[in-house]
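Visitor: Could you take me through one helix of this model closely, together with what lies around it, and tell me how far the coordinates can be trusted?

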Amino acid sequence: MNTPTAAPTPVEPVGRDWLLAGGMLLVGLAAAASSFSGLFDLAFRTGWLQELCALLPLTVDAYAMTATRVWLAKSTRNPAARRWAKFNAIGAIAVSVAGNALDHAVSAHVIPLGWPLVVAVSAIPPVVLGLLVHMAHLRTLTPPTSSPTADTATANPQQGPGPEESAAPPPPSAPPTAPSPPKPAQRSRRPVQQAKTRQALPPGKTDAELITAAREYAATGTEASATWLMKTFGIGTGRAARIRDAAQHSPEAGPALAPVPDTTTTTTTDTDEESAA
């Protein structure tokens, strides 16, 4: 579907200025006459036949007019041809100026008439012919960035695209690429900690040794409590209570308890029941 575009604003054509055209005509005739005279005299001084001397100014002036026309004409679409025509137009004007200046200098005996000047004037017609032929060839070439479709669209900007252009299928799109599988999350490895070595408990003692140690500790004036026995000898709660109670009896009565194996998981029983047993 064509997108509607705004119509270009009409540009009012510039009217012809007859005063400007008349001034250009007069200046052109005067310049052509003076240039014709100087170049004609220069050709005659350099050995041209008098019947052919008029060809030198005609060649230079026609060369300048043709190059200027190709340079400024809208029909010249090739940028290379336009640049070459601009170079040729400026060169033709420079040749005309130089020819007139040389003729006046030779007439005033400022410079001598030597063989280099004769060779330069004689080379003008063939050089100009070669330059113009090359310019005409460049003008016929198609611009490198243009195409018949682009030229048609440029000539008719208000005309939309043709049926072939509008019905042309869109270019094929690239096939969708399969998404890459997600990378598995890398688990951070925890540094391996060395197993904590458990502090070794002191070697086990018998109940008699524990009772003796408790009585010796109580003899210093400090109570041999069950907590002290547990921390000092690493025994269980129940055994510490039994050792404490046994240490409180008189030494003559002997140990009140039979040897009990040391276990840290032994549950504490009622003290009255142990005494009754």
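Guide: The confidence score used here, pLDDT, is the predictor's confidence in each residue, on a scale from 0 to 100. This is a predicted model, and the chain averages a pLDDT of 74, with 63% of the residues scoring at least 70. Confidence is highest in H4, at 89, and lowest in helix H11, residues 271-276, where the mean is 43.

The part to look at closely is helix H2, residues 55-72. H2 is built from 18 residues and spans 26 Å between its first and last C-alpha, close to the 26 Å expected at 1.5 Å a residue. Its buried residues are Leu-56, Pro-57, Val-60, Tyr-63, Ala-64, Ala-67 and Val-70. An α-helix has 3.6 residues a turn, so residues three or four places apart point the same way. The cover over the buried residues of H2 includes H1, helix H3 (79-107), helix H4 (115-122) and helix H5 (124-140).

Ahead of H2, the loop that follows helix H1 (18-45) holds Leu-49, which counts as exposed because its relative accessibility is 55%. Leu-49 also belongs to a nonpolar surface patch of about 450 Å², to which Phe-36, Leu-52, Leu-55 and Leu-58 contribute as well.

Elsewhere in the chain, more caution is needed. Over residues 253-261 pLDDT stays under 50, and the model has 11 contacts beyond four places in sequence for them; over residues 263-277 pLDDT likewise stays under 50, with 7 such contacts. Where pLDDT is low, the predicted coordinates should not be read in detail.

Technical notes:
Residues are numbered from 1 along each chain as its sequence is written. This is a predicted model: local features need pLDDT of at least 70, side-chain atom pairs count only at pLDDT 80 or more; totals for chains, interfaces and linings use all residues. Side-chain values use heavy atoms; hydrogens and water are left out. Patches are made of residues with over 30% relative accessible area and no salt bridge: like charges are joined within 9 Å, nonpolar side chains (Val, Leu, Ile, Met, Phe, Trp, Tyr) within 5 Å. Accessible areas come from the Shrake-Rupley method with a 1.4 Å probe; for residues, only the protein chains shown count as cover. A salt bridge is a side-chain nitrogen of Lys or Arg within 4 Å of a carboxyl oxygen of Asp or Glu. Helices (H or I, at least four residues) and strands (E, at least two) are DSSP runs, numbered from the N terminus. Buried means under 20% relative accessible area, exposed over 50%, partly exposed in between (1.4 Å probe, protein chains only). The expected span of a helix is 1.5 Å times one less than its number of residues. Contact means heavy atoms within 4.5 Å.
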